[in-house]
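User: I am new to this structure and would be grateful for a close look at a single part, the protein surface that meets the DNA. Please set it out in one connected account, with whatever surroundings help to place it.

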Number of protein chains: 2
Amino acid sequence: MQKAAIEKNNEVIAAQLTPVGRETVQDRVYSELRRALIGGLFEPSQVLTIRGLADALVTSTMPVREALGRLITEKALEALPNRSVRVPPITLERIDDLLRARSLIEGEAIALAATRMNPRQIASVEAMLAEWDEMRALKHKKDIDREATLNQSFHFEIYRCCGSAVLIPMIESLWLQSGPCIRVAIYAFSDAGEVDTAHYHRSIVAALAKQDAQAAREALVADISRPFAFLRDKLQSAKDPI
Amino acid sequence: MQKAAIEKNNEVIAAQLTPVGRETVQDRVYSELRRALIGGLFEPSQVLTIRGLADALVTSTMPVREALGRLITEKALEALPNRSVRVPPITLERIDDLLRARSLIEGEAIALAATRMNPRQIASVEAMLAEWDEMRALKHKKDIDREATLNQSFHFEIYRCCGSAVLIPMIESLWLQSGPCIRVAIYAFSDAGEVDTAHYHRSIVAALAKQDAQAAREALVADISRPFAFLRDKLQSAKDPI
DNA sequence: ATTTTTGATTTGTGATCACACTTGCTTTGA
DNA sequence: TCAAAGCAAGTGTGATCACAAATCAAAAAT
């Protein structure tokens, strides 16, 4: 009976090989569309067609239509009565609505995280912030896409520590919904010369380090409110229902 | 130029006819599965197959697979690594997690509703409650399905008044996720002889009538906490990870 | 010149098929 | 007797086709 020997051999093999994973085409399409949506690559009110996306992503229509269906159910996209789908338009009510929901839920998540984060996790987000500052110091021209990605990583690194498998998907859905709006605001920001998000982020990690849930919540709300408030003003003055 | 006359005629016709709607098969499948899930017709951990459901619903596999995909993204169902899908199992952490999220979000929704409901809307939910009492008085044997449906109508009639297009879909998703758990609790309840949900509901409408947002929130949290607490105890004593 | 009608193209939906993977059972070998 | 190999039924995924509805542009009618 060489059973033990075989077992041993398998373990050796397993140690050297990394699992290959079996992501479906549909999953890749879904991820790609999510990325585009959060990154603001699609404009509000833009209409998307199944065949158009399938051509762009070089697949058949099947994975695309299923991905679109999923995005519609989480309100990241909108199904028109004509059965065509578009990214939801920006309205004043929607902006306020999204901000309220995000403040409520992300605030709760960070409050939970504040009580649960261990020193290692706090050090991790601090390191992330330092790396971010460094990058910002090096690059003269600001790379908006990179900024957005880092911002996303920063927030979700914290949210993950709240330990709620229910809240986190909701937050992802909210980011998906506010992605197109936010991106419009960020670009406007950038033109207006404002950039200092770093200050808010430092307040957040300071509060987390002190395990001060209430302060963390307030700092976070201040952070996410800023682009929404900016967008709100812009929309009110422009009275341009995109 | 009889343009005005034709217009008029069309209006007359439109006034008599009720829009027929163009629900797709996929939508019907989705609604049906939602209903089943919220109603607790599926057991936690139960595995669902596309072809099985397609046979049961008398359609092809196509609408079913898309409906399943949508339910998976809103965490009403769970995709196993084997690519099979099941209704999520009940665990202690999940129960606490769901209760926390529901208290937070439905609490916010009812607090908003308390400040926004007009007398007509309040009268409407009061009427609903009265009708409910009446039904309960008539029927000796309690009809759990009917109870659940009325409870759902009652809650969402109120939530709709919060005026948030973002919060309401989230609440629907939460009901979808807690449906299977709740149903287990309700049945256990029923066996244990407890039934008095009416008391909680009366507290809720009383608070709403007084426009007391905080009281409404507290009454609501008490209402939704009860089955969760019951289920929690049951699960802890049975140590039976369904 | 403006409106209506007609026709061609595009689009979403549902059905069906082919393929790969999983699963459970039987058979084979030690 | 028992574990491993092999086989067969079942299952999810993606591609393709058919069809109906929507959209748009040109042509016809007023």
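Analyst:
**The surface near the DNA**

Helix 4 of chain A gives three residues to the surface near DNA strand D, the largest share of that surface. The model described here is predicted. Around DNA strand D there are 16 residues, and the closest of them are A:Val25, A:Ser60, A:Asn82, B:Arg51 and B:Arg65. By class, this surface divides into six nonpolar, six polar and four charged residues. Where the atoms of DNA strand D lie within 4 Å of the protein, 54% are sugar or phosphate atoms and the rest belong to bases.

Individual polar contacts show how both chains take part. From chain A, a polar backbone atom of A:Gln26 is 3.2 Å from a phosphate oxygen of DNA strand D. From chain B, a backbone N or O atom of B:Ile50 lies 3.2 Å from a phosphate oxygen of the strand. A base is also reached: an N or O atom in the side chain of B:Arg65 is 2.6 Å from a base nitrogen of DNA strand D. The elements that give two or more residues to this surface are helix 2 (25–38) and helix 4 of chain A, together with helix 3 (50–57) and helix 4 of chain B.

DNA strand C can be read in the same order. It has 16 residues around it, of which A:Ile50, A:Arg51, A:Arg65, B:Val25 and B:Ser60 come nearest. The surface near DNA strand C holds six nonpolar, six polar and four charged residues. Among the atoms of DNA strand C within 4 Å of the protein, 50% belong to sugar or phosphate, and the rest belong to bases.

On DNA strand C, the side chain of A:Arg65 places an N or O atom 2.6 Å from a base nitrogen. Chain B supplies contacts to phosphate: a backbone N or O atom of B:Val25 is 2.5 Å from a phosphate oxygen, and an N or O atom in the side chain of B:Ser60 is 2.2 Å from a phosphate oxygen. Two or more residues of the surface near DNA strand C come from each of helix 3 (50–57) and helix 4 (61–73) of chain A, and from each of helix 2 (25–38) and helix 4 (61–73) of chain B. Helix 4 of chain B gives the largest share, three residues.

Helix 2 of chain B, one of the elements beside DNA strand C, also carries a salt bridge. The side chains of B:Glu32 and B:Arg35 meet there at 2.8 Å, N to O. These two residues are three places apart in helix 2 of chain B, so about one helical turn separates them. An α-helix has 3.6 residues a turn, so residues three or four places apart point the same way. B:Glu32 counts as partly exposed because its relative accessibility is 32%, whereas B:Arg35, at 53%, counts as exposed. Elsewhere, A:Arg34, A:Glu74 and A:Glu172 are joined into one network by salt bridges that share partners.

The whole structure contains 26 salt bridges over all chains. One of them links A:Asp97 and A:Arg100, whose side chains meet at 3.1 Å, N to O. Both residues belong to helix 5 (residues 92–116) of chain A, where they are three residues apart and therefore separated by about one helical turn. A:Asp97 has 7% relative accessibility and so counts as buried, while A:Arg100, at 23%, counts as partly exposed.

Chain B also holds a sheet, an open one of three strands in the order 1-3-2 with antiparallel pairing. Strand 1 (47–48) and strand 2 (78–79) of chain B stand at its edges, each with a single partner strand, so one side of each has no neighbour in the sheet. Two bridges join strand 1 of chain B to strand 3 (residues 85–86) of chain B. Opposite B:Val47 stands B:Arg86, in strand 3 of chain B.

To return to the DNA, the side chain of an arginine reaches a base nitrogen in each strand: A:Arg65 at DNA strand C and B:Arg65 at DNA strand D. Helix 4 of chain B gives the largest share of the surface near DNA strand C, and helix 4 of chain A gives the largest share near DNA strand D.

Terms used. Residues are numbered from 1 along each chain as its sequence is written. Chains are lettered from A and ligands numbered from 1 in the order in which they are written. This is a predicted model: local features need pLDDT of at least 70, side-chain atom pairs count only at pLDDT 80 or more; totals for chains, interfaces and linings use all residues. Side-chain values use heavy atoms; hydrogens and water are left out. A residue is near a molecule or strand if one of its heavy atoms lies within 4 Å of it. A polar contact is a pair of N or O atoms within 3.5 Å; within protein, one must be able to donate a hydrogen and the other to accept it, and residues adjacent in sequence count only if both atoms are side-chain atoms. Helices (H or I, at least four residues) and strands (E, at least two) are DSSP runs, numbered from the N terminus. Ala, Val, Leu, Ile, Met, Phe, Trp, Tyr, Cys and Pro count as nonpolar, Asp, Glu, Lys and Arg as charged, and the others, Gly among them, as polar. Two strands pair if DSSP finds at least two bridges between them. A salt bridge is a side-chain nitrogen of Lys or Arg within 4 Å of a carboxyl oxygen of Asp or Glu. Buried means under 20% relative accessible area, exposed over 50%, partly exposed in between (1.4 Å probe, protein chains only).
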